[in-house]
Amino acid sequence: MIITRLAVEGVGRFRSRHVVQGLGPGLNLLCAPNEAGKSTLFRALQAALFARHGSKTEELRRLGCLDAEVPASIEVGFRRGEAEYLVRKSFLRGTGAKLSRDGSVVAEGRAADEKIWELLDLAPGASIAEPSTFGLLWVPQAKSFDAYEPSPEAKALLGRVIEAEVGQVLGGERGERVLRSVCERLAREATATGQPKAGGPWRTAIERRDAAKAELAALQATMATLEADRAALAGLLRQREALSDTSALAAMRADLATAAAERDAAARADHAAQQAETEQAQRELTAERARKRHEELVGLDQRIARRREQIAALDRQLAEQTNVLDAQATVLSTKEQALANLAAKLSEAERAADRARRREASARDAEHVEELSVRLTKARRLRDDIARVKQAIERTTVPMEAVKAIETARRALEAAEARREAKAPRVIVRPRPAGAGKILCDGAPVTEGREVAATAPLLITVADLAEIEIKPAASPDDDAAVEIARENLAKALRTAGVASLAEAQECRAKAADLEAERRGLLAELSATAPAVGKEDGIAALERQLATAKAALDALTADTDRAPDHASGDTPGETKKIALPDRETLARERIAAEAACDLARHAHRTAQEMVSTAREQVAATRFMCKGTEAQIAEANRALRDGLVLCPDAERADRLTALAAAAGEARVLFEAAREKAAALRAAVPTAEVRAATEARVKRLTGAIETNERRLGEVERDIAALQGRIATRGGEGLGEREAEAVDALALAESELARTDRRVAALKLLKTTIEESRQAAADQFLAPVKTAMRPYLHALFPGADAALDPRFGIDGISRGAAAAIEPFVSLSDGTREQVAIIVRLALGRLLAERGNPVPVVLDDALVFSDDDRIERMFDVLTRAAEKQQVIVLTCRSRAFLTCGGRPLSIVPEDLSSG
Amino acid sequence: MRLVHTADWQIGKPFLRFGDKAEALRAARLDAIEAIGRLAVAEGAGHVLVAGDVYDSETPSNVTLRAPIERMRGFPGVTWHLLPGNHDPHRPAGIWERFSALGPPANILVHLTAEPVDLGPEAVLLTAPLTSKAETRDLTARFDDTETPAGKIRVGLAHGAVTRFGVKGDEGEAGNQIDPTRAERANLDYLALGDWHRTCEIGAKTWYSGTPEPDRFDSQTVGTALLVDIPQAGAAPTVTPRTVGTYRWASESVEIGEAEALAAHEAALRQTHDPLSRLVLKFCVRGALSMVGRQALAEWLERLEAAVFYLAADLAVRVRPEANDLEAIDFDGVLRRVAETLKARAADETLTLDERTIAEDALMALYLEATA
């Protein structure tokens with residue numbers, strides 16, 4: 001198809017009839033500025049070919065001229081095959097359609113609409129036909145760089161064209177349906193990653209199998225426990241049988257009786273031996289006691305003799321110690337007398353030093369009293385001055401409020417007088433030279449010209465010539481106002497106690513000066529008598545002076561009471577003492593303190609000597625007392641011994657005790673021999689221990705047997721109970737059911753596994769086959785596109801999907817595919833146009849040429865790329881008609897091709 | 001002397017593999033007890049000898065334990081002699097102590113020891129109860145030395161595998177070997193055996209009764225009990241198998257090459273196992289079919305499943321796509337290529353059998369989807 005004519009009238013900006021001049025095969029280029037109507041022509045072309053002439057769509061309404069009374073008329077001529085066709089359609093008003101072929105009308109009205117669609121292989125619609133490949137190849141403004149999406153009809157047409165060449169490869173709708181169904185079935189079973197899907201039959205079968213397996217394992221574990229219980233029960237039953245063997249038990253009891261008899265006989269022999277040994281011990285004790293009594297008496301006799309010798313020696317020692325003590329006492333008395341003398345001297349020296357210190361302190365305190373007295377006098381004077389100034393201030397000052405009241409009253413008076421004066425007649429007196437000094441105004445001579453407001457009667461005397469009295473008109477209100485203002489002023493002055501405002505202000509200035517003086521006096525007073533806390537400064541000074549005087553008086557009194565200053569004055573009376581100067585007093589004090597130190601040293605030495613002598617006397621006295629105590633103790637011991645056994649009885653008693661000791665010893669020896677004989681008859685400890693062990697062993701064995709039998713009986717009962725309980729639970733039956741359930745679940749899972757595997761295989765095989773088919777299917781498109789693509793991107797290849805959508809491009813054999821959406825705007829536009837051109841070329845080469853119309857395309861291309869795109873367009877135009885509408889006249893200067901222009905038809909025909 | 005010999009009731013067997021038919025199969029085993037009782041009453045047999053495995057498990061539930069008691073209670077004129085088998089051996093605190101604790105009626109005797117028991121005035125019963133699941137000794141050996149009053153019929157009752165069967169492998173379920181010549185060695189007039197689920201004559205005086213209600217394929221077609229007549233001591237018994245079961249259990253195996261042959265198989269099944277509604281059928285199909293034929297087989301099996309009581313189909317049918325099968329998928333295009341790919345994969349001998357089977361399944365799924 002080649003468009004050969006396009007004329008419009010009443011369309012968009014074309015009210016009158018306009019025609020596109022120059023249309024023909026190959027590359028057609030319409031360069032016109034914005035608002036020239038290029039896009040309007042594009043839409044008019046679409047309307048003429050695809051729209052029913054009677055439709056009233058919004059798109060068609062926008063096509064008409066604003067406020068136009070004429071219909072929108074479009075005329076399109078095209079060549080298809082060898083025939084020339086002309087379409088005339090009128091829209092909106094006076095609608096109509098007519099199709100002519102080679103100059104003859106072949107259809108009109110609705111038939112013409114549909115005949116056009118039939119010619120162009122378009123699917124009919126209610127108001128507009130599906131534009132099919134025209135929709136793909138006719139690119140409206142601002143759409144050239146979008147990823148195109150062919151309509152189903154366009155895809156079907158492209159598919160038909162290609163499949164005519166490569167055969168039916170995609171499987172069509174049936175293939176889609178099968179794949180969809182397989183995917184749906186698989187989706188019910190598995191996730192996208194091929195794992196069992198939650199809630200799906202596959203996962204359910206797995207879960208059922210796992211649950212059955214777990215149930216069986218649990219039951220088998222319980223069964224194993226039960227079986228273990230059965231084994232344990234069998235073992236216990238065997239144990240019970242063995243433990244209940246009566247013959248073995250009887251033999252054990254007989255052995256026990258024999259061993260017990262042997263043990264008892266040995267115990268009895270041991271008891272008899274123990275009794276004999278007890279008697280032996282008693283005899284031995286009796287003999288030992290007799291021996292001890294004899295020995296004790298012998299010892300007493302010897303101790304009495306030793307005590308008597310000791311007492312004699314101690315008496316001699318005491319006499320010697322007494323003599324030494326007497327000599328030491330005499331020495332001590334002498335030294336104590338010397339110490340008393342030294343103590344008296346020390347006391348005297350200390351008193352002299354104390355007096356010297358007091359005299360020095362009295363002199364210092366007297367100076368302090370003097371200084372305080374001076375400050376107090378000055379402070380009192382300052383206080384009196386301050387009081388005086390304060391009284392003067394109080395007398396002089398006028399309150400600020402009073403001054404302000406005076407000022408207010410005065411201003412009110414002035415205002416009232418001004419008002420009255422303003423209303424008063426103005427009297428102007430201008431004396432002439434001859435009248436100088438002859439004119440009086442209210443008695444005052446007027447020498448120069450004068451203007452007076454006559455607020456009151458005014459008398460002007462002109463020498464003797466005349467008296468002129470000027471009486472102002474009565475103005476009672478103003479007079480009253482002046483009078484009231486005047487009274488207010490007088491009242492304010494009275495209140496302030498002054499005669500005038502100037503006096504009041506002068507009083508305030510004077511008061512301010514007095515106040516400054518008072519503050520100076522206060523500062524001086526504060527420096528002379530500073531306040532102490534809350535206490536007034538003068539009071540504090542007075543207190544300090546009184547305290548200092550009291551201290552001086554006390555010191556003076558003490559000094560006066562000193563022996564070397566004693567006088568006849570009454571105690572407590574302050575007396576002025578004539579003291580030497582401070583240095584003399586200090587020297588006296590130092591001399592007195594040195595004499596005191598010497599006396600104190602001598603006294604300390606004497607004290608030490610007395611102490612030593614006293615210690616010697618005490619030591620000797622202590623020794624004497626110790627000797628006396630020893631003598632007393634020896635005498636007491638001697639007395640005790642004689643009390644126990646007097647000298648007269650001692651010899652007889654010694655003889656009797658020796659005989660008793662010999663007799664007790666004989667009895668002990670007899671008892672010892674008897675005990676030894678009985679002990680020899682007792683079995684040895686080893687024999688007795690072995691017998692005891694046998695008894696113990698047999699007793700334990702019998703008890704253990706009985707206890708074990710009881711335990712076994714209890715264990716048997718417990719196991720029987722547990723087994724019976726387990727048996728009642730139907731474990732075996734449940735296990736058999738679980739085995740069956742597991743087998744059933746495994747069988748179901750195996751079937752499901754097989755089904756899923758088959759579906760997965762089928763899906764994979766279909767997808768792989770479709771991919772291979774798609775590659776084959778798209779090969780012609782890629783072949784058609786390759787020359788164009790390489791013109792811009794040498795070595796590049798485009799990735800297409802079977803629906804003719806573009807996924808991206810790779811810029812070399814090994815280069816990765818760059819997704820279409822990530823390309824720059826310019827590249828996207830160029831690639832999109834190239835794909836469209838390629839599809840157009842594909843159709844053209846297969847006998848179905850469709851013009852390519854690009855409205856304002858290549859807006860994003862740089863200079864280099866746009867040149868190469870012109871080459872592409874030129875090359876594409878060799879196979880099909882390409883119509884380019886653009887406003888970029890300069891950029892498209894080198895595009896070449898057939899230039900188009902929009903001209904009024906009268907000019908075109910001309 | 002007339003008695004009924006039965007064994008291997010295995011009450012409590014779950015049959016869960018049979019899905020919703022399990023309950024009916026469980027009930028049929030209890031119904032068989034009543035059928036045996038009716039047989040004994042009808043034939044005037046005063047004793048029913050149950051040669052072991054009364055229960056399927058030695059720890060059944062209480063209801064399962066009581067169920068056969070209640071069935072036997074309905075035949076007070078018949079004395080039921082129960083013997084522990086390898087499924088329900090007598091062990092301390094075991095099933096038979098629980099059984100006795102339930103207080104069964106007097107006409108039910110459980111033989112837990114080897115003590116001889118009188119079967120009326122003319123016969124003595126010698127028993128060999130199992131006390132474990134797998135007994136290594138031949139417990140019937142003691143029959144040889146067991147004295148009975150002269151002139152009395154000696155009847156043995158035992159559960160286990162006759163020795164020669166055990167040698168072969170798995171015909172007897174476990175050890176518990178029994179000398180097949182025991183009847184002659186112990187001078188028995190009849191030895192009633194249990195364990196093998198198929199009626200079998202070991203010798204003139206030694207029989208396995210089989211189970212009264214089958215529970216597996218490839219064993220016993222229908223439940224049977226034996227009616228035994230022993231004229232007198234030393235005389236040969238007369239043994240008559242009698243049907244007491246409800247369902248027929250059959251295994252059929254066919255080799256198939258075309259779907260049209262299925263009609264003939266169906267006719268044979270209806271003739272052999274009438275009525276089909278009582279047939280528990282294991283149907284094994286081998287061979288190869290076209291995809292059309294495979295689809296027809298699936299439909300035929302569906303119909304057969306509806307006709308029989310239970311159908312366990314075991315299919316080992318290879319799919320052999322024919323030209324019209326592939327054309328039915330598509331003449332050209334993706335689907336046709338997918339079909340060709342899967343067909344080649346199914347025929348690829350380098351792949352495992354499982355992989356080829358999966359390819360056949362996928363191809364069949366494609367066929368069903370494409371022709372739906």
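## Helix 1 of chain B and its surroundings

In this predicted model, the elements that cover the buried residues of helix 1 of chain B include strand 1 (2–6), strand 2 (47–50), helix 2 (62–73), strand 13 (224–229) and strand 14 (238–243) of chain B. The buried residues of helix 1 of chain B include Leu25(B), Ala28(B), Ala32(B), Ile33(B), Ile36(B), Leu39(B) and Ala40(B), and two arginines, Arg26(B) and Arg29(B), are also among them.

Helix 1 of chain B comprises 22 residues (residues 22–43), for which a rise of 1.5 Å a residue gives an expected span of 32 Å, and this agrees with the 32 Å that separates its end C-alpha atoms. The residue that follows helix 1 of chain B is Gly44(B), which has a positive phi near 75°.

## Strand 10 of chain B and its partners

Strand 10 of chain B (residues 190–194) is largely enclosed by the rest of the structure, because five of its five residues are buried. In a regular strand the side chains alternate between the two faces of the sheet. In strand 10 of chain B, Tyr190(B), Ala192(B) and Gly194(B) are buried on one side, while Leu191(B) and Leu193(B) are buried on the other, and both faces are thus covered.

Strand 10 of chain B runs parallel to strand 7 (residues 153–159) of chain B, to which five bridges join it, and within this pairing Leu157(B) stands opposite Ala192(B). Strand 10 of chain B is also joined by three bridges to strand 12 (residues 206–208) of chain B, again in a parallel arrangement, with Tyr208(B) in strand 12 as the bridge partner of Leu193(B).

## Chain B as a whole, and Ile178(B)

Chain B contains ten helices and 17 strands, and buried residues make up 49% of its 372 residues. Of the contacts in chain B with a separation of 6 or more, 69% are between residues 24 or more positions apart.

Ile178(B), which lies in strand 9 (residues 177–178) of chain B, counts as buried because it has 27 C-beta neighbours inside 10 Å, where the cut-off is 20 or more. The C-alpha atom of Ile178(B) is 8.3 Å from that of Ala141(B), although the two residues are 37 residues apart along the chain.

## Helix 13 of chain A

Helix 13 of chain A has 63 residues (residues 582–644), which at 1.5 Å a residue should span 93 Å, and the distance of 91 Å between its end C-alpha atoms agrees with this. Its buried residues are Leu585(A), Arg589(A), Cys596(A) and Gly641(A), and the buried residues of helix 13 of chain A pack against helix 8 (246–396) of chain A.

Note on methods: Residues are numbered from 1 along each chain as its sequence is written. Chains are lettered from A and ligands numbered from 1 in the order in which they are written. This is a predicted model: local features need pLDDT of at least 70, side-chain atom pairs count only at pLDDT 80 or more; totals for chains, interfaces and linings use all residues. Helices (H or I, at least four residues) and strands (E, at least two) are DSSP runs, numbered from the N terminus. A residue is buried if 20 or more other C-beta atoms lie within 10 Å of its own, exposed if 12 or fewer, and partly exposed in between; C-beta atoms are placed from the backbone. The expected span of a helix is 1.5 Å times one less than its number of residues. Two residues are in contact if their C-beta atoms, placed from the backbone, lie within 7 Å. Two strands pair if DSSP finds at least two bridges between them.
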